[in-house]
Amino acid sequence: ATPMSIMVSVGRAAQMGVLVRNGEALQTASKITTVVLDKTGTVTQGSPEVTEILLLDKNICELSLLEDVASLEQHSEHPLASAIMTKAKQQSITLKEPDSFANVQGKGITGFIAGRHYAVGNMGLMQQAGLGGKLDADIDGNVDGISGYQQQVAEFASKGQTPVFVAVDKVLVAIISIADPIKADAAEAVQAMKNQGLKVVLLTGDNPLTAQAVADKVGIDSVFAQVLPEQKQQKVLELQQAGEVVAMVGDGINDAPALMSADVGIAMGSGTEVAIESADFTLLSARLIVINDTLALARASMTNIK
Ligand code: ADP
Ligand code: MG
């Protein structure tokens, strides 16, 4: 395409609420065969809320647990952390300063409060915290010999909610279930992409059952779950090696490497700065259908100038 026709397309994209950082990427966008969607904040609204707190230890009270967990989560930037802090605020809990805090990439957080060690996060973190043996038949859908709480976990996850495990001094004491509503136009947008002959893939750090439940609700056939940030990028490279021309859509810090490796990186405007800086396009609207509109615009502008 000529520089002039690219400029015209960039202007049209802007009218649709799509900021184009890189004009060349518009040309590449016309050749996309696979659209990879991050789950949290891309397919879902990214405004998660605590729906249930399941206490597994009779000696623990919900308020003091929430106080400790929220006090740790105030140091995390993850959307799940803000859900837990909102819940604490609703209960008028005053947060305190933990003695230590650590982020465990793609898994959760750990830290000490009043001499007790906390691990708050997914199954992978629990295994890392030495709880593996007790949790083996976990949320991957393996229901062999599951105990009461594992059934609960499966129930949360099959509703598309994320179970957050809380261990204190290596004992699992609670499960906090967190729901992040799916965007209203997600199913329609996925269908529109499929109608264009595009393959649609869901890529998430969340657990497989939750990911599958969300994929089912929006009509995505291909799901890669419990993927660490480096693995998100690796997945994009694998798809490219298999001959796909890949658009990656994401909003988080953990999506940045994948956004850079994709043929076209698309960031949600509501996303983190790192994601926006790593992307070729930024969507000012939260609506997913805009992705389809952008790819259609790219194809149309390339055929027009042939
Ligand atoms: P995603 O944003 O796709 O869920 P992440 O890599 O950010 O991917 O996180 C993967 C998983 O790790 C989350 O689904 C959650 O289970 C767990 N996790 C990450 N950060 C936190 C946190 N601050 N508190 C609790 N759990 C967390
Ligand atoms: Mg995300």
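This section describes two sheets, the helices packed on them and the surroundings of ligand 1 in a predicted model.

One sheet is open and holds 7 strands, arranged in the order β1-β13-β12-β11-β2-β9-β10. Its pairing is mixed. The edges are formed by β1, residues 18-20, and β10, residues 222-224, each of which pairs on one side only. From one strand to the next, the twist averages 20°.

Within this sheet, β11 and β12 run parallel and are joined by 4 bridges. In this pairing, A247 stands opposite V264 of β12. On the way from β11 to β12 the chain passes through helix α11, residues 256-261, and the three elements make a right-handed β-α-β unit. A further parallel pairing, with 3 bridges, links β12, residues 264-268, to β13, residues 281-283. Here A267 faces T282 of β13, and M268 stands opposite L283 in the same strand, β13. Helix α12, residues 273-278, belongs with β12 and β13 to another β-α-β unit, which is right-handed. Strand β12 thus takes part in the unit with α11 and in the unit with α12.

Strand β12 is mostly covered, with 5 of its 5 residues buried. In a regular strand, side chains alternate between the two faces of the sheet. Both faces of β12 are covered: V264, I266 and M268 are buried on one side, and G265 and A267 are buried on the other. Two of these residues also appear in the pairing with β13, A267 opposite T282 and M268 opposite L283.

Helix α10, residues 229-241, lies across four strands of the sheet, namely β2 (34-38), β9 (199-203), β10 and β11 (246-250). Its direction makes about 160° with that of β11. Helix α9 spans residues 208-218, and its buried residues are L209, T210, A211, V214, A215 and V218. The residue that follows α9 is G219, which has a positive phi near 85°.

The other sheet is also open, with 6 strands in the order β3-β8-β7-β6-β5-β4 and antiparallel pairing. Its edge strands are β3, residues 49-55, and β4, residues 100-104; each has a single partner strand, so one side of each is left without a neighbour in the sheet. Neighbouring strands are turned by 20° against each other on average, direction ignored. Strands β5 and β6 run antiparallel and are joined by 6 bridges. One of the residue pairs in this ladder is G111 with Y118, the latter in β6.

Helix α6 packs on this sheet and touches β4, β5, β6, β7 and β8, its direction making about 15° with that of β7. This helix covers residues 123-131 and includes L125. L125 counts as buried because 20 C-beta neighbours lie inside 10 Å; the threshold for this class is 20 or more. Its contacts, leaving aside neighbours within four places in sequence, are V104, K107, G108 and A119. The C-alpha atoms of L125 and A256 are 22 Å apart, with a sequence separation of 131 residues.

Helix α5 lies across β3, β7 and β8 (171-179) and runs at about 75° to β3. A83 is found in this helix, α5. A83 has 23 other C-beta atoms within 10 Å and is therefore buried. Not counting residues up to four places away in sequence, A83 touches P48, E49, V50 and I178. Among these contacts, E49 and V50 fall in the range of β3 (49-55), while I178 falls in that of β8 (171-179). A83 and Q45 are 38 residues apart in sequence, and their C-alpha atoms lie 13 Å apart in space.

Around ligand 1 there are 22 residues, of which S76, H78, G106, N122 and G205 come nearest. By class, this shell has 6 nonpolar, 12 polar and 4 charged residues. At least two residues of the shell are supplied by each of α3 (39-43), α5 (79-90), β5 (108-113), β6 (116-121) and β7 (162-168). Strands β5, β6 and β7, named among these contributors, belong to the sheet of 6 strands. Helix α5, another contributor to the shell, is the helix that lies across β3, β7 and β8.

Technical notes: Residues are numbered from 1 along each chain as its sequence is written. Chains are lettered from A and ligands numbered from 1 in the order in which they are written. This is a predicted model: local features need pLDDT of at least 70, side-chain atom pairs count only at pLDDT 80 or more; totals for chains, interfaces and linings use all residues. Two strands pair if DSSP finds at least two bridges between them. Axes are lines fitted to C-alpha atoms, for helices over the stretch in contact, and angles run from 0 to 180 degrees between N-to-C directions. Two residues are in contact if their C-beta atoms, placed from the backbone, lie within 7 Å. A residue is buried if 20 or more other C-beta atoms lie within 10 Å of its own, exposed if 12 or fewer, and partly exposed in between; C-beta atoms are placed from the backbone. A crossover is right-handed if, with the strands pointing away from the viewer, the path from the first strand over the helix to the second runs clockwise. A residue is near a molecule or strand if its C-beta atom, placed from the backbone, lies within 6 Å of it. Ala, Val, Leu, Ile, Met, Phe, Trp, Tyr, Cys and Pro count as nonpolar, Asp, Glu, Lys and Arg as charged, and the others, Gly among them, as polar.
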